[in-house]
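Biologist: I'm new to this, so please take me through a single part of this structure slowly. Explain the jargon as you go.

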Amino acid sequence: MKFVNRSKASRTGGTSLHAVAAMIIGLSLLGRPVAAIAQETVSPRVQDTGMVVTLLGTGTPLLSARRFGFSNIVQAGPLTLMFDAGRGSAIRLGQLGIPVGRIDALFLTHFHSDHVVGLPDIFMTGYLGLKSLGGRQTPLQVYGPTGTKPLIDGIRQAFSADAKIRHNDEKLSFDAMPIVAHEFEVGVVFEQSGVKVTAFEVDHGEHIKPSIGYQVDYGGNAVVFSGDTRHSENLISKSQNADLIIHEMAAAPSETNGNPVYQKILGHHTSPEEAGDVFARVKPAMAVYSHAGRLAGPTGVPSWGEIIKRTRKNYSGPLIIGEDLMQFFISENTVAIAVGGAD
Ligand SMILES: [Zn+2]
Ligand SMILES: [Zn+2]
């Protein structure tokens with residue numbers, strides 16, 4: 001396992017740490033070498049007051065075997081919390097060695113399908129009897145903004161026939177089958193075993209409301225997920241304690257500037273320069289891009305090098321291009337990275 005430490009407390013200095021972070025970015029530019037740094041099973045829990053954050057899926061709606069749909073796991077104390085459930089998130093959980101049925105709570109940022117399409121898989125696979133899948137014995141708890149209830153009602157109804165079949169055939173308990181929606185307004189939406197989840201509004205565009213970002217606090221450490229958003233002043237003000245920030249981004253080559261479809265997409269997301277401004281003002285111990293949309297022009301998609309360069313116009317701190325199954329260990333306001341890499 002390869003660790004890179006970056007302390008929020010020392011964020012104003014530490015040139016060498018910048019260099020190490022830059023080295024990791026440089027490595028990731030070469031294709032898949034970050035995965036070659038280390039392949040090691042990581043303990044599913046930290047035993048102290050720290051948190052483990054795993055990027056399950058860092059992709060976009062584009063169909064990619066390397067980057068699954070947007071989804072994340074936070075392990076804090078006795079809890080395993082999931083944030084969004086994009087395509088293939090159940091498979092990534094399996095790769096991580098976390099049984100699908102062991103998710104204590106699942107939080108949704110918004111209702112674009114690429115953030116929720118993996119939810120039925122988590123729901124239905126998690127209560128199957130096999131121990132490796134978790135054999136969930138209690139209902140799946142899903143938290144989200146207004147609109148979560150109808151989504152969950154629909155999923156429940158869609159799979160009611162299978163639930164009945166499995167109950168009659170495999171004698172699986174009806175107790176494990178429910179899926180429960182917790183709709184919330186912004187603010188503290190979950191507090192259990194010393195883990196606090198705070199939801200705040202972000203700005204994904206006029207017609208894409210609600211759209212939520214989350215901060216998870218545990219043991220004095222904090223991680224923020226931007227969810228899908230344009231440059232958001234609210235996110236900046238709500239993220240001031242973040243040790244780790246997982247932020248979305250979208251970029252297209254300049255020769256596509258007249259493309260109305262691309263302009264629409266870019267208008268719903270944060271540019272690298274804007275993300276740089278967010279990172280510079282939040283001053284996290286580590287900033288990470290995930291759910292980064294790179295739109296193609298005649299000469300291909302913007303390179304990661306270009307995206308980093310554009311981000312660097314406004315931000316010179318630690319920056320990582322997230323990859324599926326990359327893990328971040330946050331303890332004592334220091335972020336260490338373990339790069340597993342997805343097949
Ligand atoms: Zn979205
Ligand atoms: Zn999205």
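Modeller: Right after helix α7, Lys 171 takes a positive phi of about 60°. This is a predicted model, where local features need pLDDT of at least 70 and side-chain atom pairs count only at 80 or more, while totals for chains, interfaces and linings use all residues. Residues are numbered from 1 along each chain as its sequence is written, with chains lettered from A and ligands numbered from 1 in the order in which they are written.

Helices (H or I, at least four residues) and strands (E, at least two) are DSSP runs, numbered from the N terminus. Helix α7 covers residues 160–170, and of its eleven residues just one is buried, so α7 lies largely in the open. Buried means 20 or more other C-beta atoms, placed from the backbone, within 10 Å of the residue's own; 12 or fewer is exposed, and in between is partly exposed.

Now the sheet: seven strands sit in the order β8-β9-β10-β11-β12-β13-β14, forming an open sheet with mixed pairing. Two strands pair if DSSP finds at least two bridges between them. At the edges stand β8 (187–192) and β14 (319–321), each with a single partner strand, so one side of each has no neighbour in the sheet. β8 runs antiparallel to β9 (residues 195–201), joined by five bridges, and Phe 190 stands opposite Val 197 in β9.

Over at β14 you'll find Leu 319. Leu 319 is buried, with 24 other C-beta atoms within 10 Å. Its C-alpha is 4.8 Å from that of Ala 287, though they're 32 residues apart along the chain.
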